[in-house]
Structures are given as structure tokens and as C-alpha cells.
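Please walk through the architecture of this protein together with its bound ligand, starting at the ligand and working outwards to the sheets, the domains and the backbone details.

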Amino acid sequence: MNDLPCPILQCGVLHGAYHWIVFHAPHVTADALPGQFVHIRIGNSPEHILRRPFSISDADPDTGELTIVFKVVGAGTELLAKMKPGDKCDVMGPLGTHYWVPDDDVYPVIVAGGYGAASTLFLASCAPLPGIVFIGAKTKSDFILLDEYKELGWRVEVATDDGSRGYRGRVTDLMASFTKNFPANSMVYGCGPAPMLYDLVKKTDKIGIRCQVSMDQHMGCGVGACYACVIKVVDKDSPEGWRYSRSCKEGVVYPSEEVYCG
Ligand SMILES: Cc1cc2nc3c(=O)[nH]c(=O)nc-3n(C[C@H](O)[C@H](O)[C@H](O)COP(=O)(O)OP(=O)(O)OC[C@H]3O[C@@H](n4cnc5c(N)ncnc54)[C@H](O)[C@@H]3O)c2cc1C
Ligand code: FES
């Protein structure tokens, strides 16, 4: 894992508050795997001292091109959205654990919400066979990357909280309504808001499908030194039945059976 200044090659607006950036970051793309993230120092002013974590949305080891997709939510992402080709950021990575890339006899199922669809797109592009992706959003204008999944040959099903597009309600309920059609050798991958992921863990456990989830937390160091990013994981040896796990190092991708939902 390295930390190097990386020039922006291309950037743009996906739609609304969502932007994309392609960095030249060969030290990241050389061995990046789906589900991993980069920790980016966006600027040097006081509000930008802390790095910000972003999922790797695509990584091409031949060209060194690293793509991230992000939503503007605060000072760091606001500054990132203003950057232009040629500007540089320090990019540390690849960091964290990764999704298990399915074999060609496994049916991959993705459940994503918000920027989670950017993280799982890298997985979709690495999977030997296309599967089905369920994407949830508050309303129809919040969706990102639907066409990109379709171009990879994936079946796309959508849910909105307000019913303005697709299924009205939780994306995890939509996924659950499809499970009887999934082949026996299916694997579910989740990335999105924490309540969605905990619901996914419970549902896949009940149905009996293997699942991995990206448990993104607020982060400090990103490399296991500060404990800002802990989540509770199952620990049968502790009296409570759980222990804290640094999601930046032992995660961010966890097998669902390790995630403590109590
Ligand atoms: C492993 C990982 C991967 C991520 N991948 C992406 C990605 O691909 N695209 C993307 O748009 N965002 C991603 N995020 C979230 C992203 O890191 C934050 O949105 C970003 O750090 C906000 O920085 P800011 O300075 O703009 O906002 P801040 O001023 O730091 O915060 C603005 C608001 O965003 C909230 N926020 C900050 N960090 C998080 C977080 N981790 N989870 C939920 N809410 C947060 C704050 O509570 C606050 O309400 C990821 C986070 C993690 C941990
Ligand atoms: S962010 Fe510092 S230990 Fe995880």
C-alpha cells in the first residue's frame, strides 16, 4: 500500500450531486480488488487535513486509471468536485478487504444503495458472469450507474422510497421477493447505508444465501491506528458475543455471518 500524489486525468458530473474522477494511480490499480477503497488527501487547508475514503469504482492495471464516483456532502467532496484535470491529490491505497470475486458457476446478486452502486460496479465488471443488481434510492432522480450495469449485461431492478420508479419500499424487500428464482449457488453482495446492510444481513441469513457486505464507517487514519471506524462483529468467545473490529483494516468487506446485528 502506497501514498502518492496522483494527477486527475478526467472528471465530470454524473448527475445532480454525483461526480466522477479518473486519477492516474498505477500504485493503486496494480493490485486493486473490488470492494477496496482509497484514502484521499483532498487539500491542505485545516478542514481538509483528514483524508476522505472512497470506494474504487474501476481500476485498470494496464493504464493505471483509477475511477471514483462520489456525492458532494461536505467540505472535502465540495473541493474534490471543483478540481480539474492536471490537479493532484495524495491517493493512499488500495486499502481494506475485498469482495470475493465469484467463480463462473456462481450467480452474483448485488444489493446497493446511494454511492454503494459505485463500489459494486467494480465487482460487476470483474464477475465472469452477469447477475442481477437491486438498486435502492429515495426517489427516481437519485439513481446512479443503472446504464453501466446494463451495459455489463446485468439485470437491473430498482426500488424507491416514494414509489416514483420501480418497487415502492426497501430494496432489501425487493431482493427478498426474488430469492425463490435464485440458483442454489448464489452469492449476495451489499454496499449502502448501514440500516440497509443490517437488514440485508438478517434477510440473507434467514433465507440461507451467502452474503458479503461493505460496512463503510466514518474514518480517521484508514490504516488501523485510530479506532474511529469500529463496528461490532460476532465473537463467540466474549461474554457479550461480540467485539469491536476496525472496519478500515479487518473490513470494510465482511462476510455477513461476522456482522453483529444484536
Ligand atoms: C470505505 C468507504 C468508502 C466510501 N466510498 C464512497 C464513494 O465511493 N462515494 C461517495 O460518495 N462516498 C463514499 N464514502 C463516504 C465518503 O467518504 C464521505 O461522504 C466523505 O468522506 C465526506 O467528506 P466531506 O468532507 O465532503 O463531508 P464531511 O463534512 O466530512 O461530512 C458531511 C456529511 O457526510 C457524513 N459522512 C461523512 N463520512 C461518512 C461516511 N463514511 N458514511 C456516511 N456518512 C458520512 C457526515 O456525517 C456529514 O453529515 C465512503 C466511505 C467509506 C468509509
Ligand atoms: S480509521 Fe483509524 S482505525 Fe480505522
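**From the ligand outwards**

Of the 22 residues around ligand 1, those that come nearest are Phe70, Gly74, Gly76, Thr77 and Tyr115, where a residue counts as near a molecule if its C-beta atom, placed from the backbone, lies within 6 Å of it. The elements that give two or more residues to this shell are S4, S6, H2 and H3; helices (H or I, at least four residues) and strands (E, at least two) are DSSP runs, numbered from the N terminus. By class, the shell around ligand 1 has 12 nonpolar, 7 polar and 3 charged residues, with Ala, Val, Leu, Ile, Met, Phe, Trp, Tyr, Cys and Pro counted as nonpolar, Asp, Glu, Lys and Arg as charged, and the others, Gly among them, as polar.

The model is a predicted one, in which local features need pLDDT of at least 70 and side-chain atom pairs count only at pLDDT 80 or more, whereas totals for chains, interfaces and linings use all residues. Residues are numbered from 1 along each chain as its sequence is written, while chains are lettered from A and ligands numbered from 1 in the order in which they are written.

Two of the strands and helices just named lead to an open sheet, in which 7 strands follow the order S4-S3-S7-S1-S2-S6-S5 with antiparallel pairing; two strands pair if DSSP finds at least two bridges between them. Strand S4 (52-55) and strand S5 (58-60) are the edge strands, each pairing on one side only. Neighbouring strands of this sheet are turned by 35° against each other on average, direction ignored, the axes being lines fitted to C-alpha atoms, for helices over the stretch in contact, and the angles running from 0 to 180 degrees between N-to-C directions. Within the sheet, strand S1 (residues 2-15) and strand S7 (residues 88-95) run antiparallel and are joined by 6 bridges, and Cys6 has Cys89 in S7 as its bridge partner.

Helix H2 (residues 75-82) lies across strand S2 (18-24), S4 and strand S6 (65-71), and runs at about 125° to S6, contact meaning that the C-beta atoms of two residues, placed from the backbone, lie within 7 Å. Helix H3 (residues 116-126), in turn, lies across S4, S5 and S6, running at about 45° to S5.

Parallel pairing appears further along the chain, where 6 bridges join strand S9 (residues 132-137) to strand S10 (residues 155-160), with Ile132 standing opposite Arg155 in S10. S10 is also joined to strand S11 (residues 167-168) by 2 bridges, again in parallel, and here Ala159 stands opposite Tyr167.

The protein chain is divided into domain 1 (2-95), domain 2 (99-214) and domain 3 (215-262), with bounds that come from an automatic or database domain assignment. The C-alpha centres of domain 2 and domain 3 lie 22 Å apart, and 11 residues of domain 2 are in contact with 9 residues of domain 3. On the side of domain 2 that touches domain 3, the largest share, 6 residues, comes from H6.

Some backbone details remain. The peptide bond from Gly93 to Pro94 is cis, with omega near 0°, and Pro94 is found in strand S7. The bond from Gly251 to Val252 is also cis, with omega near 15°, and Val252 belongs to the loop between strand S15 (242-246) and strand S16 (253-255).
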